[in-house]
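Here are my notes for your first read of this model. Keep the sequence and the 3D view side by side as you go.

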Amino acid sequence: MEVIDLQTEVRNVCKKLPEYGLVTGTAGNVSARDPETGYVAIKPSGFPYDQMEIDDIIVMTLDGQVIAKKADKNPSIEAPTHLEIYKRCPEVNGIIHSHSKFVNILSSVRDEIPCATTPTGLRLLKKPIPVIRFVDNGTQEMADLVAPSLVENVAVAIRNHGPFIVGESLELAFERTVALEDTSEIYFQASLLGTPSLLTDN
């Protein structure tokens, strides 16, 4: 894959996140890995989604060496977490870190987030999403806690912060991000009326 194609893929998903209400302001981040070169394209730090152009997306190696960037742009401060996930999960080629509202609501009170309020949630997310303790963003501690949690899960939520969602492609990671917020909202709203029913994979 050409570098510009990898940048375009990330920019296109970045544009979708605020449209779907999954981020606000400059929060959250998106990355994709080219399985052929191993290059990782990632959103720049603190940059508005609605102003994002293709060449604003930064390209790095798995070791953190910058391959392509504008002089005034730096990689997301959570790039170390993205890189650690790619190192530990060789099948993953797309990562989204959203600040989705209903995932954060559930993760502030639960140790796992049910995924089976809809068939789509069950199909894409497979099993309840674990919630890990709060950790400061952009730290090595975040990378050390988040990455191992994604070896056997397609998503993990950081309490009072937001989820990391992965996929074999960035498009799959995006579909899972939407599904996780959707199933979280349904669970929350249903909980106001009673005990939500959950589907099984049987």
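The points below go from the sheet to the helices and then to the salt bridges.

1. Start with the status of the model. It is a predicted model. Read every value below as computed from that prediction.

2. Find the sheet. It is open and has 9 strands. Their order is β4-β3-β2-β1-β5-β9-β8-β7-β6, and the pairing is mixed. Which strands form the edges? They are β4, residues 66-68, and β6, residues 112-113. Each of these pairs on one side only.

3. Move to β1 and β5. Strand β1 covers residues 29-33, and β5 covers residues 94-97. The two run antiparallel, joined by 4 bridges. To see the register, look at Asn29, which stands opposite His97 in β5.

4. Step across to β9. This strand runs antiparallel to β5, and 4 bridges join the two. Here Ile96 stands opposite Ile165 in β9. Is β9 mostly covered or mostly open? It is mostly covered, with 6 of its 6 residues buried.

5. Now look at the partnership of β8 and β9. They pair in the antiparallel sense over 4 bridges. Val156 stands opposite Phe164 in β9. The two strands form a hairpin, with 3 residues between them. Check Asn160 in the turn: its phi is positive, at about 60 degrees.

6. Add the helices. Helix α1, residues 3-19, lies across β1, β2, β3, β4 and β5. Its direction makes an angle of about 150 degrees with β1. Helix α6, residues 170-191, lies across β1, β5, β6, β7, β8 and β9. It runs at about 140 degrees to β9. Both β1 and β5 therefore appear in the list for α1 and in the list for α6.

7. Turn to charge. Side chains of opposite charge can pair when their charged atoms come close. How many salt bridges does the structure hold? There are 9.

8. Take Asp56 and Lys70 as one example. They form a salt bridge, with the closest N and O atoms 2.9 Å apart. Asp56 sits in the loop between β2 and β3, and Lys70 in the loop between β4 and α2. The pair links distant parts of the chain, 14 residues apart. Buried means under 20% relative accessible area. Asp56 has 2% relative accessibility, so it counts as buried. Lys70, at 27%, counts as partly exposed.

9. Compare Asp72 and Lys73. Their side chains meet in a salt bridge of 3.1 Å, N to O. Asp72 counts as exposed, because its relative accessibility is 58%. Lys73 counts as buried, because its value is 8%.

10. Put those residues together. Asp55, Asp56, Lys70, Asp72 and Lys73 are linked in a network of salt bridges. Show these side chains in your viewer and trace the links.

11. Finish with Arg159 and Asp111. They form a salt bridge, the closest N and O atoms being 2.9 Å apart. Arg159 lies in the loop between β8 and β9, while Asp111 lies in the loop between α3 and β6, so the pair ties together parts 48 residues apart in sequence. Asp111 is exposed, with a relative accessible area of 59%.

How values were computed: Residues are numbered from 1 along each chain as its sequence is written. This is a predicted model: local features need pLDDT of at least 70, side-chain atom pairs count only at pLDDT 80 or more; totals for chains, interfaces and linings use all residues. Side-chain values use heavy atoms; hydrogens and water are left out. Two strands pair if DSSP finds at least two bridges between them. Contact means heavy atoms within 4.5 Å. Axes are lines fitted to C-alpha atoms, for helices over the stretch in contact, and angles run from 0 to 180 degrees between N-to-C directions. A salt bridge is a side-chain nitrogen of Lys or Arg within 4 Å of a carboxyl oxygen of Asp or Glu. Buried means under 20% relative accessible area, exposed over 50%, partly exposed in between (1.4 Å probe, protein chains only).
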